[in-house]
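Thanks for coming. I will go through a few side-chain pairs and one single residue, so please keep the structure open while I talk.

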Amino acid sequence: MFPATPRTIAVVIPTFNRQERLRRAVESVLQETRVPIALHIFDNASTDETERFARELAARDSRVVYVRNATNIGGHANYAKALDSVETAYFLPLADDDYLLPDFLHDAYGILEAHESVGAAVFVTQTRTDGGAIGMTYPEHPDKIRLGLVNPHDHMRDWLTYGHYSWSSVLWRSKVLAEVGAPYLHVGLPSDVDFQAQIFCAYPVYIVNRLGAVYTQHDDQASMGYDLSHIKSWGALFKRLDRAVLDRGLFPVEEYLPLRAKVQQRYRSIWNIAAKEELDSRQLVSSASAAGFRLGDWPLAFSLIDTLAAKPRAPGPDGVDDTSVLLLPEDVVAESAAPDRPQGFLASVLWSFKAASAVIASAKRTAATKEQALSEQKVLAAQWQQTCVALESSLADQTAQTAAARAEADAWRSKFEVIDARVSVLQGGLLFRILRKLRLMRL
């Protein structure tokens, strides 16, 4: 057993009312006795048997520290509190419904000890249901990414292309927390993705294609809460990602934008999940703004503006139309008014984008139709040219055949003329005259 030292791994587990799942998680940590570990449980005022279990565990194992909030401060605040408590060289935030596999902590610890520049040792996480059915992995394609020691430029290219990791199988060097900064979970529910992006842009990592942890899939997961209401969080995540990538000069803009588009495509289905509760007018406008301007999801932005236009106009608590995030002067609004144009600056701009997009789409369809017609004309012209070449070739053959026949006829005519001349000469001779008199020849 190791005493707590600065080179200890701090495993922090925020939890709430998951005593049985928590038991499995802590057992997967405490089975490792070859490296120094401090296990900190942050109980968010659980009402089940979590407190009793954790206090008994702490009494038995000196590596365990139990912290209980007097009241439930919310999942994100509890996670931030757990991360803020880290004072050791290394840390691992472990979800209370996940668990580690043997050798992960030992091997990851050895990697960080051996490579001082590395910000994290990343292993593969496997998803499993409570029934044991195996699903996908994080990363999704571990066979396609670079392994071993990878610099930020190459690693971020893979991370943007193939997706983020489950951080239950990522052992972090504690100094990387300064790169993210308190409260660490800056963008709400997808903060684990933001957390990784900020650190990976700054530090090299060590990637191991071997299972390190299991991510349990069940109906009570926090990730099951994703829907349209979190779209502004995704917008904030991409804003921070853009700044981290471009400020550090990891990629030229022309190289970064296609990679960014892959990330947008990967998560688009998540922020397009219908909101569990109806969004009010202001939420619709701000969500449409995030969808269009930050995430490039204009179909969703236009859909939200259509939903806004269909809502009855009702003044908010301040007496102002609830759709008016920013107001244009009345004379400007009057000049640009249209029957279906929403009021308010931002909603109006988005409406204009939709109208412009419709015009652009129509122009593209017209251009495509003209291009297809031109393509068909080119095909016909090519076919006609081939026909003309074939006719010219046939005519040339016929001309050559005619010339050959004419030459052959001229040759025969010349032969006949020679023969005729000879016959004329012979007819005037004595022998021919005698033969004719004797009636032996008729010519």
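Start with E51 and R55, which sit 4 residues apart in helix α2, residues 50–60, and are therefore separated by about one helical turn. Bear in mind that this is a predicted model. The two side chains form a salt bridge, and the closest N and O atoms are 3.0 Å apart. Are these two residues buried or exposed? Neither word fits: E51 has 29% relative accessibility, so E51 counts as partly exposed. R55 comes out at 45%, and R55 is partly exposed as well. The cut-offs matter here, because buried means under 20% and exposed means over 50%, with partly exposed in between.

That pair is one entry in a longer list, since the structure holds 23 salt bridges.

The next pair is D107 and R210. Their side chains meet in a salt bridge, at 2.5 Å from N to O. Where in the chain are the two partners? D107 is in helix α4, residues 104–114, while R210 is in strand β10, residues 205–217. They are 103 residues apart, so this salt bridge links distant parts of the chain. D107 has a relative accessible area of 24%, which makes D107 partly exposed. R210, at 40%, also counts as partly exposed.

Now R240 and D194. Here the N to O distance in the salt bridge is 2.8 Å. R240 belongs to helix α8, residues 231–247, and D194 to helix α7, residues 191–200, so the pair ties together parts that are 46 residues apart in sequence. Both of these residues, R240 and D194, are buried.

Salt bridges can also share partners. Which residues are joined in that way? One network is made up of R7, E113, E116 and R173.

I will finish with a residue outside the salt-bridge topic, T137. You can find T137 in strand β7, which covers residues 134–138. The relative accessible area of T137 is 18%, so T137 counts as buried. What does its side chain meet? A polar atom of the T137 side chain lies 2.7 Å from the backbone oxygen of P139. If we leave aside the neighbours within four places in sequence, T137 is in contact with V124, T125, Q126 and P142.

To recap the pairs: E51 with R55 lies within helix α2, D107 with R210 links a helix to a strand, and R240 with D194 links helix α8 to helix α7. That is everything I have for today.

Note on methods: Residues are numbered from 1 along each chain as its sequence is written. This is a predicted model: local features need pLDDT of at least 70, side-chain atom pairs count only at pLDDT 80 or more; totals for chains, interfaces and linings use all residues. Side-chain values use heavy atoms; hydrogens and water are left out. A salt bridge is a side-chain nitrogen of Lys or Arg within 4 Å of a carboxyl oxygen of Asp or Glu. Helices (H or I, at least four residues) and strands (E, at least two) are DSSP runs, numbered from the N terminus. Buried means under 20% relative accessible area, exposed over 50%, partly exposed in between (1.4 Å probe, protein chains only). A polar contact is a pair of N or O atoms within 3.5 Å; within protein, one must be able to donate a hydrogen and the other to accept it, and residues adjacent in sequence count only if both atoms are side-chain atoms. Contact means heavy atoms within 4.5 Å.
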